[in-house]
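Trainee: I would like to learn how to read helix packing and aromatic pairs from a model. Please take me through one case.

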Amino acid sequence: HSSMSDDTSEDMVVPQLPYIIKFCKAHGVSKENEFGKGKSNDELKEMLLVANYLNIKEMLDYLTKTLANRIKNKSVEYIRKFFGIQTNFMPEEEEATRKESFD
């Protein structure tokens with residue numbers, strides 16, 4: 001598949017298919033709001049990649065909103081850990097950047 005991102009593989013799609021089918025069946029029904037409950041952050045992030053790969057816009061929108069709600073009002077450190085982002089800043093540089101952001 002030519003538009004497949006580097007983070008998504010066909011091996012990732014197959015295990016997620018039952019959840020994707022369940023979402024598609026529930027779309028437009030109140031069950032959709034319950035879809036993400038009980039799923040780990042990693043499961044939701046993986047499903048987001050799969051929904052993007054399969055171009056399922058409604059599911060992509062739902063998962064993006066669900067993940068955004070999970071990181072809402074969280075610290076920078078939490079969000080970095082959540083997404084596996086490492087900083088290249090030294091502690092002093094990071095502190096200076098934070099001070100500049102709030103001035």
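The dialogue below goes through the fold, one helix pair and the aromatic rings.

Mentor: This is a predicted model, in which local features need pLDDT of at least 70 and side-chain atom pairs count only at pLDDT 80 or more, while totals for chains, interfaces and linings use all residues. Residues are numbered from 1 along each chain as its sequence is written, and side-chain values use heavy atoms, with hydrogens and water left out.

Trainee: How many helices and strands does the chain have?

Mentor: The chain has five helices and zero strands; helices (H or I, at least four residues) and strands (E, at least two) are DSSP runs, numbered from the N terminus. Of the 103 residues, 26% count as buried, where buried means under 20% relative accessible area, exposed over 50%, and partly exposed in between (1.4 Å probe, protein chains only).

Trainee: How do I read a pair of packed helices?

Mentor: Two packed helices are described by the angle between their axes and the distance between the axes. Here the axes of helix 2 (residues 41–53) and helix 3 (residues 57–71) come within 9 Å and cross at roughly 150 degrees. Axes are lines fitted to C-alpha atoms, for helices over the stretch in contact, and angles run from 0 to 180 degrees between N-to-C directions. The crossing angle therefore makes helix 2 roughly antiparallel to helix 3 (under 35 degrees is roughly parallel, over 145 roughly antiparallel, 65 to 115 roughly perpendicular, the rest oblique).

Trainee: Which residues of helix 2 and helix 3 make the contact?

Mentor: With contact meaning heavy atoms within 4.5 Å, helix 2 contributes residues including Leu44, Met47, Leu48 and Ala51, and helix 3 residues including Leu60, Leu63, Leu67 and Arg70.

Trainee: And how do I read aromatic pairs?

Mentor: A pair of aromatic rings is described by the distance of the centres and the angle of the planes. Rings of Phe, Tyr and Trp (its six-membered ring) pair if their centres lie within 6.5 Å; planes under 30 degrees apart count as stacked, over 60 as edge-to-face and the rest as tilted. The count comes to two aromatic pairs. Tyr78 and Phe82 form a tilted pair, 6.0 Å centre to centre with 35 degrees between the planes. Both lie in helix 4 (residues 76–83), four residues apart, about one turn of the helix. Phe82 and Phe83 form an edge-to-face pair, at 4.8 Å and 70 degrees.

Trainee: Is Phe82 buried or exposed?

Mentor: Phe82 counts as buried because its relative accessibility is 6%. Tyr78, at 33%, counts as partly exposed, and Phe83 counts as partly exposed at 40%. Ring pairs link Tyr78, Phe82 and Phe83 into a cluster.
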